[in-house]
Every structure is written in structure tokens, then in C-alpha cells.
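Please open the structure in your viewer and keep the selection tool at hand. The tour moves from one selection to the next and says what is there.

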Amino acid sequence: MDPSKLESFVNQALGDLGSALTASMVVIGDKLGLYRAMAGAGPLTSKELADRTSTHERSVREWLAAQAAAGYLDYDAMSNRYSLSDEHAVALTDEESPACVLGGFQGMSAAIRATPKVVEAFRHGKGLGWDQHEPDLFLGTERFFRPGYNTHLVGEWIPALEGVQKKLEAGARVADVGCGHGASTLILAKAYPKSTFTGFDYHAPSIERARERAKQAGLGERAKFEIASAKSFPGQYDLVAFFDCLHDMGDPVGAAAHVRQSLGKDGTWLLVEPFAHDQVQENLNPLGRLFYSVSTLVCTQASLAQDVGAALGAQAGYARLEKVLKEAGFTRVRKATQTPFNLVLEARP
């Protein structure tokens with residue numbers, strides 16, 4: 001027994017415990033508008049912030065101290081005031097920025113609340129379906145991914161595919177499978193007005209929300225949303241897109257085979273997955289910590305709850321994804337591009 005090693009680990013664990021509680025603090029700050037009230041406002045007392053947000057001063061005072069201790073806010077002891085730096089304000093208020101973290105905290109806080117169900121899933125091995133989580137997981141997931149899609153999808157990912165941009169500009173048929181609330185579908189529909197888009201998802205409440213958002217955006221004529229699974233969605237398409245969802249599916253090879261059948265002549269499959277290296281030891285870093293953890297709570301369990309239950313996990317890596325696609329009959333598979341958070345694959349029959 002090495003006492004110093006034990007002490008170091010206990011300190012690490014206490015820090016992790018504080019991080020887990022900080023997630024709840026961020027959700028509180030987001031839902032009550034505390035961050036938005038502090039952004040650009042300069043130093044504020046707890047009473048001033050409470051007055052601005054119609055909240056209880058004593059609760060706000062404790063929240064401010066917790067956030068200062070976590071390094072999210074700055075504290076001036078002389079004036080007893082707290083401030084939100086411009087840089088932190090971007091991450092905590094600007095939902096158009098790829099730096100925004102609000103959706104991640106909202107979604108993962110909901111995922112954590114499913115821990116008792118996941119404990120039982122470890123015992124019976126039947127998984128936990130996506131639809132069995134709280135709605136905040138669905139809302140938070142969209143908020144987390146949408147800024148990245150806004151930043152990369154049209155400007156980088158589509159141009160990285162062979163000939164796809166020209167097809168979309170001229171007019172193409174596109175399927176967005178596992179579309180959730182339709183964020184990626186609507187981004188594409190807005191960018192390519194001559195093309196038509198259909199978003200598919202098995203989760204009916206998400207499809208209803210996607211339809212509402214398409215109507216609000218004035219895109220309802222070109223962006224349709226239908227309830228269907230990845231192995232049964234109908235139609236023939238020039239482009240089929242999967243955004244951060246293949247690893248959640250019980251039968252990814254079966255889904256990939258259906259995509260191949262759904263592609264028209266010279267069609268393309270755009271597959272976006274969480275960034276990962278091929279070996280576990282290469283993913284033992286902060287990003288891997290995040291993705292392996294959410295995969296334990298959500299992604300792997302979602303796959304195990306479906307037929308086949310392949311359970312690729314959120315850290316599948318390129319080699320494993322390529323194997324799935326080739327087993328489904330795709331002969332041309334390549335990594336089109338990547339970001340620190342995404343692997344972007346292009347596949348053709």
C-alpha cells in the first residue's frame with residue numbers, strides 16, 4: 001500500500017464528485033437565466049443577480065459561491081461581487097457557438113438520473129432504450145450537437161464528399177436517419193433550397209418536435225419528418241446521412257445494408273460518429289472519459305435494448321466502423337474529414 005497514491009486518488013475522486021455536482025449547478029444557471037443575466041453585466045452582488053432574474057437571493061448567493069469555487073465565475077472579495085468573463089459567457093450563453101456546453105450538461109444530467117435503470121440493465125443485460133430516458137436527454141443532445149453541425153456540416157463536411165455538394169446545389173433527394181429533433185436536417189434544407197429532405201427516427205416525440213421546428217423555420221415543404229427505423233425507412237436517395245447515431249443501433253450492419261439498398265445510382269452515405277482512435281489505450285484521455293461514460297449510460301444500453309445488440313459504443317473508432325460498412329456491402333469507404341469531436345466517413349456501394 002502506497003499512502004501517497006491513496007491520498008492522490010481520494011483527492012482525484014473528490015474532484016470528480018465536485019464535477020458531478022457542478023453539472024447540476026450549470027443546469028440551474030441555464031434554466032433560470034442566471035448566466036444570461038450575468039453576461040456583459042460586469043460584477044454583480046447576489047441580490048443584484050436575484051433581482052435581475054426574479055429568483056431567491058439566498059439560493060443565488062450559494063450558487064454563485066459554488067460556481068466561483070468551480071472556476072466558472074470570478075469573485076471579488078473586496079466588493080463581494082461575482083462576474084462572468086466574456087470567454088465563459090460564450091460557452092454558457094451563446095447557443096450558436098460550437099463552444100457552447102449547455103446542451104451537454106442538460107443531456108448528461110438527464111442521463112445520470114437514469115443510473116438506477118442502468119444498474120438493473122447491467123444485471124439483466126437487456127439494455128435501456130433511448131425512449132426510456134427523460135426528455136431532457138433528447139433536448140440536451142440536440143443543443144449539444146447543433147452548434148457543431150452549424151459550424152462544420154455545410155462549410156466542411158459536405159464539401160469533403162466527392163461530388164455531393166454539386167448534387168445538393170442542383171437538387172437531390174436526402175434522407176437524414178436517426179434525425180432526432182431535426183437539427184441536421186434543417187441546417188441542410190436551409191443551405192440547399194433545390195433539394196428535398198426527409199428525416200427519419202423511431203422516436204415519435206422527437207419527430208413531432210422536428211415537424212414543429214421545420215414549420216417554424218418555414219422549411220416544412222422541403223423538410224419532412226417521418227417515424228421509421230434505420231432498417232425500414234422507405235425511398236431512394238442521392239444522399240443518406242447518419243449523424244452520431246449508428247453506434248446506438250442494435251444492428252448497425254443491418255442498418256448499413258438498408259442504406260446501401262436505399263442509395264440511388266452513384267449515391268453517397270455520409271456517416272458522422274464521435275471521434276475515437278481504434279485502440280482503448282489511445283482513448284484514455286478527457287474526451288474518451290466523456291464518451292465512454294455517456295456510452296455506458298446511454299449508447300451501449302440503447303443498442304443492447306434492440307435486436308442483435310451489437311453495442312458498438314461511442315468510441316468504436318474508424319477501423320471498426322469501416323468493418324461494419326464493408327460487411328454490409330459497401331466497397332468504397334474512406335474517412336472524408338474529422339474534427340476533434342467527430343469522425344466523418346463517406347461510403348459508396
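Before the first stop, please keep in mind that this is a predicted model.

**The first helix**

Begin by selecting Leu-6, which is found in helix 1, the element that covers residues 3–31. With a relative accessible area of 45%, Leu-6 is partly exposed, because that value lies between the 20% limit for buried and the 50% limit for exposed. Now extend the selection to Met-1, Phe-9, Val-10, Leu-14, Leu-17 and Leu-21, which together with Leu-6 form a nonpolar patch on the surface. The accessible area of this patch adds up to about 800 Å².

**Helix 8 and its rings**

Move next to helix 8, which spans residues 135–157, and select His-152 within it. His-152 has a relative accessible area of 17% and is therefore buried, since the limit is 20%. If residues up to four places away in sequence are left out, His-152 touches Trp-157 and Thr-339.

Aromatic rings are the next topic. By the rule used here, the count comes to 12 aromatic pairs. One of them joins Trp-130 and Phe-138, whose ring centres are 5.2 Å apart and whose planes make an angle of 40°, which is a tilted arrangement. Phe-138 counts as buried, at 10% relative accessibility. For another pair, select Phe-145 and Tyr-149, whose ring centres are 5.8 Å apart and whose planes meet at 5°, so this pair is stacked. Both residues lie in helix 8, where they are four residues apart, about one turn of the helix. Are these two rings buried or exposed, or partly exposed? Phe-145 is partly exposed, with a relative accessible area of 23%, whereas Tyr-149 counts as buried at 6%. Keep both residues selected and add Phe-144, Trp-157 and Phe-243, and you will have a cluster that is linked by ring pairs.

A ring may also have a charge over it, as you can see by selecting Arg-173 together with Tyr-237. The charged end of Arg-173 sits over the ring of Tyr-237, at 5.0 Å from the centre of that ring.

**Strand 6 and its surroundings**

Now select Phe-242, which lies in strand 6. Phe-242 counts as buried, with a relative accessibility of 0%. Which residues are in contact with Phe-242, once its neighbours within four places in sequence are left aside? They are Val-177, Ala-230, Met-249, Ala-255, Val-259, Trp-269, Leu-270, Leu-271 and Val-272. For a sense of distance across the model, add Gly-42 to the selection: Gly-42 and Phe-242 are 200 residues apart in sequence, and their C-alpha atoms are 43 Å apart in space.

**Two residues with positive phi**

The last two stops are in loops. Select Asp-244, whose place is in the loop between strand 6 (237–243) and helix 12 (252–262). Asp-244 is a residue other than glycine, yet its phi has a positive value, near 55°. At 8% relative accessibility, Asp-244 counts as buried.

Finally, select Val-308, which is found in the loop between helix 13 (286–304) and helix 14 (318–327). Although Val-308 is not a glycine, it has a positive phi of about 75°. Here the relative accessibility is 62%, so Val-308 counts as exposed, while Asp-244, at the previous stop, counts as buried.

Conventions. Residues numbered from 1 in each chain as written. Predicted model: local features only at pLDDT ≥ 70, side-chain atom pairs only at ≥ 80, totals over all residues. Heavy atoms only, no water. Buried < 20%, exposed > 50% of the residue type's maximum accessible area, 1.4 Å probe, protein only. Contact = heavy atoms within 4.5 Å. Patch = residues over 30% accessible without salt bridge, like charges linked within 9 Å, V, L, I, M, F, W, Y side chains within 5 Å. Areas by Shrake-Rupley, 256 points an atom, 1.4 Å probe, with all protein chains shown as cover. Salt bridge = Lys/Arg side-chain N within 4 Å of Asp/Glu carboxyl O. Phe/Tyr/Trp six-rings, centres within 6.5 Å; stacked < 30°, edge-to-face > 60°. Lys NZ or Arg CZ within 6 Å of the ring centre and 35° of its normal.
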